[in-house]
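Let's walk through this one together, starting with the DNA and then moving on to how the chains meet.

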2 protein chains.
Amino acid sequence: MTVMPTAPSVPTSPSGDRSLPLRERKKLRTRRALADAALTLFTAKGFDATTVDELADSVEVSKSTFFRTFPSKEAAAIEAETEVWTVWLAALEARGLSGPVFPALCDTLAEAATALPPDWDERYVATRRLVMTAAALLSQVELQRNDVKRRARATLAAKLGLDPEDLRLHVLSELTMTAWSVSAREWVRSGADGGRETLLARLHDAFTAIPASLDLAAG
Amino acid sequence: MTVMPTAPSVPTSPSGDRSLPLRERKKLRTRRALADAALTLFTAKGFDATTVDELADSVEVSKSTFFRTFPSKEAAAIEAETEVWTVWLAALEARGLSGPVFPALCDTLAEAATALPPDWDERYVATRRLVMTAAALLSQVELQRNDVKRRARATLAAKLGLDPEDLRLHVLSELTMTAWSVSAREWVRSGADGGRETLLARLHDAFTAIPASLDLAAG
DNA sequence: TAGAGAATGACACTGAGTCTCAAAAAGTGT
DNA sequence: ACACTTTTTGAGACTCAGTGTCATTCTCTA
């Protein structure tokens, strides 16, 4: 997970930041192990057919520990999805806004996509494939995105001096998600072919094509 | 709580279409009774604190019947939400498209809002208030809307000869939902003040304001 | 190295959702 | 009215996600 590999102080530490206290590193390791096992097991056996007990056993922790690490069975499966939006929200928070907002959102999202760790691609593809197979996972993703939109609106509202429920903020945060959705879907369908650059290119194209969408006409 | 006086053989049948076979009318009556009881009980006791058994008991049916009627505890609580989108999808399907699509979507949604039964207002307000109190309900609503968007894209794609995954269809269906969301939220917050006309007015305003949202700038 | 504070595992418990089967409808003929 | 078929229902057993408790075992700090 998490936010961007802080340069390892000595050699590459396979998991976890060497500067963190042992306790935290251990928790992080468990978290990663559970998320990885979730992707593996759910993909192999199916989401519904895999119990939380099995998942926890496979990582040699108790069910208690699982639910202390993730709020639900679904959450473990969509860590890669969570990562994008965590990074994006942080980037949005950090950025000073001036000029047109919509292109700024495009930039921020591209920035976030670039900042993700190298192994994210693979996990994201597996996650999205999984999400297509289980309604519960789709539901969870939608719930999460809803929360992300709410937070993005709050951040933008603060920066722009607007009401967080301003229609324009709804539209902009919604369309950011739409651009990502469509771009990522195609990227995943092609097996993440071309790597991160391809995703960025698709993302840029999507943002560019959005305004004209409103003028679509029949006949 | 009780099923509503079984229709006396002569006068106006309060619920259910007299032309339907008895079996179907009965199912409908049960469905309405469960949905009403769900709103009442969940509002009074809280969604989590109310069990499906209680809910079923209050309508004097078994838990089995509840789950034959609704796929989940959540679904019973958001019937009013379901109704809007069912009517909208039907209206969209029925409509012949020509000219600009976006205004047509606005029209269709207004049409749907008009076609809803008179008692819908009250139920919708109660539903939305409830949804704000329980994450599980919000999740369900989002899942449902996702499905509605998918179907709307499919319908539009067929009428326009496009790919259902065309970015423009994503944008248009998404923005339709956004317009509804924002309009309905304000309408509900004001207690559905002014009735259906007020909702329609807000909806029209929202659709009108959407295009300019893309030009929002800071500074 | 002792003791404070946090994380863990074991276990009991609630409640949603599924499944099966027998009883009770409702629909259909005669 | 009557038997006969089909659908719907209720009862109850069952699985599993998720919560709460408590004793045990760790990590941190002094």
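What follows is a quick tour of the DNA surfaces, the chain contacts and the confidence.

First, some ground rules. This is a predicted model, so local features need pLDDT of at least 70 and side-chain atom pairs count only at pLDDT 80 or more, while totals for chains, interfaces and linings use all residues. Residues are numbered from 1 along each chain as its sequence is written, and chains are lettered from A and ligands numbered from 1 in the order in which they are written.

**The DNA surfaces**

Take DNA strand D to begin with: 19 residues surround it, where a residue is near a strand if its C-beta atom, placed from the backbone, lies within 6 Å. The closest are Pro21(A), Leu22(A) and Lys73(A), along with Ser62(B) and Thr65(B). Chain A gives two or more residues from each of α1 (22-45), α2 (52-58) and α3 (63-69), and chain B does so from α1 (22-45) and α3 (63-69). Helices here are DSSP runs of H or I with at least four residues, strands are E runs of at least two, and both are numbered from the N terminus.

Over at DNA strand C, 19 residues are nearby, and the closest are Ser62(A), Thr65(A), Pro21(B), Leu22(B) and Lys73(B). At least two residues each come from α1 and α3 of chain A and from α1, α2 (52-58) and α3 of chain B.

Here are the two DNA surfaces and the chain B side of the interface, by residue class. Ala, Val, Leu, Ile, Met, Phe, Trp, Tyr, Cys and Pro count as nonpolar, Asp, Glu, Lys and Arg as charged, and the others, Gly among them, as polar.

| Surface | Largest share | Classes |
|---|---|---|
| Near DNA strand D | α1(B), 4 residues | 5 nonpolar, 7 polar, 7 charged residues |
| Near DNA strand C | α1(A), 4 residues | 5 nonpolar, 7 polar, 7 charged residues |
| Side of chain B touching chain A | α9(B), 11 residues | 20 nonpolar, 9 polar, 7 charged residues |

**Where the chains meet**

In the interface, 36 residues of chain B are in contact with 36 residues of chain A; contact means C-beta atoms, placed from the backbone, within 7 Å. Elements supplying at least two residues on the chain B side include α6 (101-115), α8 (135-160) and α9 (167-189).

There's some strand pairing too: β2 (residues 217-218) of chain A and β1(B) pair in the antiparallel sense over 2 bridges, and pairing takes at least two DSSP bridges. Ala217(A) has Pro100(B) as its bridge partner.

**Confidence**

Chain A averages a pLDDT (the predictor's per-residue confidence, from 0 to 100) of 91, with 91% of the residues scoring at least 70. Residues 1-16 of chain A fall below 50, and this stretch has 22 contacts in the model beyond near neighbours in sequence.

Technical notes
Contact = placed C-beta atoms within 7 Å.
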